[in-house]
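Okay, thanks for making time, everyone. I've got one structure to walk through today, so let me put it up on the screen.

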Amino acid sequence: MIGAFYQPQAVLIDTASLSTLPARELSAGLAEVIKYGLICDADFLAWLEENMAALRSLDRAALTVAIERSCAAKARVVGADERESGVRATLNLGHTFGHAIETHQGYGVWLHGEAVAAGTVMALEMSRRLGWIGQAERDRAIRLFQAAGLPVVPPSDMTPDDFLQHMAVDKKVLDGRLRLVLLRHLGEAVVTGDYPREILHATLAADYAALVDQLKTNECPMTSLHADEAFLEHYHFSHDPFAARVPGFKFFPAQRKPVLGQLHHLARYSQLLLVVSGPLGSGKTLLRQALVASTNKQAVHCVVVSARGAVEPDAVLRQIAQGLQVQQVELTAILRQVGQMALTGQEVYVLVDDAEHLGDAALAALLALAGGDGEGRAHVFLFAEPQLVGRLESLADGEECFHALALQPYAEDETREYLAQRLEGAGQGLELLSDEQVQDVHRRSAGWPGAINEVAREVLIEAMLAQRGVGVAEGCRCGCRGSTWRRCWWWALACWRPG
């Protein structure tokens, strides 16, 4: 990257100038506005759903809110990663697919915002296929793009090979691996190259025209909140057993307790930086929480660092310095404090969540912290997606300075035990699921806990709808009339009312 970075002292925006734009150009600009809600501001996304008509009619007050919140969102992301070495790449949601559309169609045929909208729909579909978002979340975002007057179906003349050819030169390709911006939830984006290749191919080959036609058939005025209430009431759950964080959830030991034991052992006897790797939804955060909870608080001082928004070394060291009450944000000062604490019999654990977002300079600083100096050394744990291991190997340059532990998916019997624990925590038991359903959940989730939660919820909802006959004439206003109700189960559930 060549050049200097100078941040503006102020930004002037004249909303009246928007009245000079053709309607198509205005809609194209709204694609980028919607993007901010999808990647980092779920509340803004909900606001856009309520105010899209006002925005398209150039309502001054609505435009002011949308512009201000979009600028604030971008400032937060860029401020955390000025040189685009990590989280800033989330601003490219939909752009990898969208740039392929723009390039293939030729300059000006599709406006940039139009291509980004269709590309974002493809990113939403891939996120759904990975089990990170549900069908309802995907459809909700698609409807918002439609409300903005944007295309949501990629060009029919583009084949998967066409997309792959153009995407191969995307700036997010790293070590030959195409990294994509996808959604973990509406309002939370991730940059990852860790996905099955066949999922990408299935996303590129999907019939988006049919998907959108299905949305037209399944439109329903009810909200997902009603669907949640109906789901909990039907199964007499005290809470959603498959939510990411549930009341009183205990650490599930399958495939994780041995890793926890290894971490404690290595922290005691090894002088290497320790890495726990696994894909999204593999349980890294819960394992980190279990590691902190199982340490001797009198003998170990834990500092938990979030790599999100802390890409550069100064941001990482600042969090560590604050956790150790060190005034100087410098590696030498931190190591001096670590050494002084060691003299009193207290070790320091530095635990970094989402470490794949760290830049190389920040990783180098953590390697130096783990290596220590004459005054002290900290025990550094990185919890990250698998691609981080390759980056550390490059930084290590043949030296042995870190040890990696890869999390494994659950076996089928462990998936069964995990489901039982989740259901019992919500006041029910595994008897809600048949053996065939448990096997289906395990097969579709591949044994990863995050995907198990998503698939199990879908299986139970489908069973409930089949039992109630919802989707036919008993209460669903989706218009599917029975033969296609499985394709719109969320909307059917949202419309259903007991009695």
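Let's jump straight in at serine 445, which is buried, with a relative accessible area of 3%. Keep in mind as we go that this is a predicted model. You'll find serine 445 in helix α18. What does serine 445 contact, leaving aside its neighbours within four places in sequence? That would be Ala451, Ile452 and Val455.

Now go to helix α19, residues 449-468, where asparagine 453 sits. Buried or exposed, then, for asparagine 453? It comes out buried, because its relative accessible area is 8% and the cut-off for buried is under 20%. Asparagine 453 has a polar partner too: its side chain and that of tyrosine 418 are joined by a polar contact of 3.1 Å. If you skip residues up to four places away in sequence, asparagine 453 touches Phe242, Ala243, Tyr418 and Arg422.

Let me zoom out for a second. The protein chain has 20 helices and nine strands. Of its 499 residues, 51% are buried. For the contacts with a separation of 6 or more, 73% are between residues 24 or more positions apart. And the accessible surface is about 22700 Å², with carbon and sulfur atoms taking 51% of that.

On to the strands, and I'd like you to look at β5, residues 273-277. How many of its five residues are buried? Five of the five, so β5 is mostly covered. Leu273, Val275 and Ser277 point one way from the strand, while Leu274 and Val276 point the other way, and all of them are buried.

Which strands does β5 pair with? One is β9, residues 402-406, in the parallel sense over five bridges. In that pairing, serine 277 has alanine 406 of β9 as its bridge partner. Another is β8, residues 379-384, again in the parallel sense, over four bridges. There, valine 276 has phenylalanine 383 of β8 as its bridge partner.

Next, a helix: α16, residues 387-396. Its buried residues are Leu388, Val389, Arg391, Leu392 and Ala396. Where do they sit around the axis? They cover an arc of only 160°, so they are on the same side of α16. As a bit of background, an α-helix has 3.6 residues a turn, so residues three or four places apart point the same way. And just after α16, aspartate 397 takes a positive phi of about 55°.

Last topic: charges. Side chains of opposite charge can pair when their charged atoms come close. How many salt bridges does the count come to here? The count is 17.

I'll take three of them one by one. The pair I'd point to before the others is aspartate 353 with arginine 288, where the closest N and O atoms are 2.7 Å apart. This pair links distant parts of the chain, with aspartate 353 in strand β7 (residues 347-353), arginine 288 in helix α12 (residues 284-293), and their positions 65 residues apart. Both partners are under the 20% cut-off for buried: aspartate 353 has a relative accessible area of 10%, and arginine 288 has 12%.

Then there's aspartate 435 with arginine 416, with the closest N and O atoms 3.1 Å apart. Aspartate 435 lies in helix α18 (residues 435-445) and arginine 416 in helix α17 (residues 412-425), so this salt bridge ties together parts that are 19 residues apart in sequence. Here aspartate 435 is partly exposed, at 45% relative accessibility, and arginine 416 is also partly exposed, at 24%.

And there's arginine 184 with glutamate 188, where the closest N and O atoms are 3.2 Å apart. Arginine 184 counts as partly exposed because its relative accessible area is 21%, and glutamate 188 is partly exposed as well, at 23%.

One more before I stop. Which residues are linked in a network of salt bridges? Those are Glu125, Arg128, Arg129, Arg138 and Asp139.

That's my tour, so over to you for questions.

Conventions:
Residues numbered from 1 in each chain as written. Predicted model: local features only at pLDDT ≥ 70, side-chain atom pairs only at ≥ 80, totals over all residues. Heavy atoms only, no water. Salt bridge = Lys/Arg side-chain N within 4 Å of Asp/Glu carboxyl O. Buried < 20%, exposed > 50% of the residue type's maximum accessible area, 1.4 Å probe, protein only. Helix = DSSP H or I, 4+ residues; strand = E, 2+ residues; numbered from the N terminus. Arc of directions from axis to C-beta. Pairing = 2+ DSSP bridges. Polar contact = N/O pair within 3.5 Å; in protein donor to acceptor, adjacent residues only side chain to side chain. Contact = heavy atoms within 4.5 Å. Areas by Shrake-Rupley, 256 points an atom, 1.4 Å probe, with all protein chains shown as cover.
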